[in-house]
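Trainee: Please display the model. I would then like to work through it by question and answer.

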Amino acid sequence: MVTDFLLFIPLALIAIVSAIGMIISKNAMYSALNLIVNFGTVAVFYLILGAQFIALTQITVYAGAIMVLFLFVIMLLGAEHLRAPRKFHWQEVAALTAGFILLAEGIYIIFFKPAVVTGYPAVPIGYGSATAIGLELFNQYLLPFEVTSVLLLVAMIGAIVLASRRRKSTRSSRFDTTNPLITSDRQP
Amino acid sequence: MVPITYYVSLSAILFAIGAIGVLVRRNAIVIFMSVELMLNSANLAFVAFARYYAALNGQIFVFFVMAVAAAEVAVGLALIVAIFHSKQSINVDDLDSLKG
């Protein structure tokens, strides 16, 4: 029990500090790196809770793929710092107040309206392994799994369309001046 | 093992920090990362409750949340890049018109 807390408390502190560091660092690059640390600690929590497959998916998908995409876009845009100063100073105060009210509500409900909290039941052998997840996924959740593939396809097409629209529009505007059909169309 | 209350409180704290980040920050990319933090805290609660009931459904749901988050990040970052190319800024205070 004590060793569990010795593992939990420092990891929870690292998770909370890195989350706060993410939202207060001025440089978006440091925000991204803090978020990677946070994802790593959450992955360790998943391991403690017996979700090995989810923990490694967290590392590869979240800390790997998604954060690489974030870092790539930050570096591509050169958007580490915002150039324009913020316009509404009262927003910060209102946002902090609303956020702390949300936090207080959550803590109040968790600690002062407790359900009947019992210990953890024993889990079957292989709980949370890739085999167990895969069996569950392809037996009981086959349709959502297939819908996910459609969702990923749509996201991929959407990203490609959004990224290529600008180039297409500049090309067509270049054609506007040379194409006699379009220019004659414009002069009635 | 640490009681489930601790995991759920940690999840609530991370969610609140993410919500504060969405509200306070003006950089669209950081707002996006805060949304990821909130999704992640919800995932932590899912996994904790899955362990609490010794059921796998919570972990399956986390799997689907990750797929949705990946799709959302791909489209959202493409949108941010498109917005940056038309406005030369990703400050959300500057994005006050629907017309590009």
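Trainee: How many salt bridges does the structure hold over all chains?

Mentor: This is a predicted model, in which local features need pLDDT of at least 70, side-chain atom pairs count only at pLDDT 80 or more, and totals for chains, interfaces and linings use all residues. Residues are numbered from 1 along each chain as its sequence is written, chains are lettered from A and ligands numbered from 1 in the order in which they are written, and side-chain values use heavy atoms, leaving out hydrogens and water. A salt bridge requires a side-chain nitrogen of Lys or Arg within 4 Å of a carboxyl oxygen of Asp or Glu. Over all chains, the number of salt bridges is one.

Trainee: With which residue does B:Asp93 form a salt bridge?

Mentor: The closest N and O atoms of the pair are 3.5 Å apart. B:Asp93 lies in the segment after α3 of chain B and its partner in the loop between α1 and α2, 67 residues away; helices (H or I, at least four residues) and strands (E, at least two) are DSSP runs numbered from the N terminus. The partner is B:Arg26.

Trainee: Is B:Asp93 buried or exposed?

Mentor: Buried means under 20% relative accessible area, exposed over 50%, and partly exposed in between, with a 1.4 Å probe and protein chains only. The relative accessible area of B:Asp93 is 10%, and its partner B:Arg26, at 9%, also counts as buried. By this criterion, B:Asp93 is therefore buried.

Trainee: At what angle do helix α3 of chain A and helix α2 of chain B pack?

Mentor: Two packed helices are described by the angle between their axes and the distance between the axes. Axes are lines fitted to C-alpha atoms, for helices over the stretch in contact, and angles run from 0 to 180 degrees between N-to-C directions. Helix α3 of chain A covers residues 52-77 and helix α2 of chain B residues 28-52, with axes 12 Å apart. The angle is about 175 degrees.

Trainee: Is α3(A) roughly parallel or roughly antiparallel to α2(B)?

Mentor: Angles under 35 degrees count as roughly parallel, over 145 as roughly antiparallel, 65 to 115 as roughly perpendicular, and the rest as oblique. The residues making this contact (heavy atoms within 4.5 Å) include A:Phe70 and A:Val73 of α3(A), and B:Ile29 and B:Phe32 of α2(B). Because the angle is about 175 degrees, α3(A) and α2(B) are roughly antiparallel.

Trainee: With which residues is A:Val73 in contact, leaving aside its neighbours within four places in sequence?

Mentor: A:Val73 is found in helix α3 of chain A. At 5% relative accessibility, A:Val73 counts as buried. Its contacts, neighbours within four places aside, are B:Ile29, B:Leu77 and B:Val81.

Trainee: Which residues does B:Ser34 touch, not counting those up to four places away in sequence?

Mentor: B:Ser34 is found in helix α2 of chain B. It is buried, with a relative accessible area of 0%. Not counting residues up to four places away, B:Ser34 touches A:Met22, A:Ile23, B:Gly18, B:Gly21 and B:Val22.

Trainee: How many Å apart in space are A:Ser18 and A:Asn34, C-alpha to C-alpha?

Mentor: A:Ser18 is found in helix α1 (residues 2-24) of chain A, and at 5% relative accessibility it counts as buried. A:Asn34 is among the residues that A:Ser18 touches, together with A:Val37 and A:Asn38. The two are 16 residues apart in sequence, and their C-alpha separation is 5.1 Å.

Trainee: Which residues make the nonpolar surface patch of about 460 Å²?

Mentor: Patches are made of residues with over 30% relative accessible area and no salt bridge; like charges are joined within 9 Å, and nonpolar side chains (Val, Leu, Ile, Met, Phe, Trp, Tyr) within 5 Å. Accessible areas come from the Shrake-Rupley method with a 1.4 Å probe, and for residues only the protein chains shown count as cover. One member, A:Ile160, is in helix α6 (residues 142-178) of chain A and is exposed at 51%. The patch is made by A:Leu153, A:Met156, A:Ile157, A:Ile160 and A:Val161.

Trainee: What percentage of the residues in chain A are buried?

Mentor: Chain A has seven helices and zero strands, and it exposes about 12,100 Å², of which carbon and sulfur atoms supply 73%. Of its 188 residues, the buried share is 30%.
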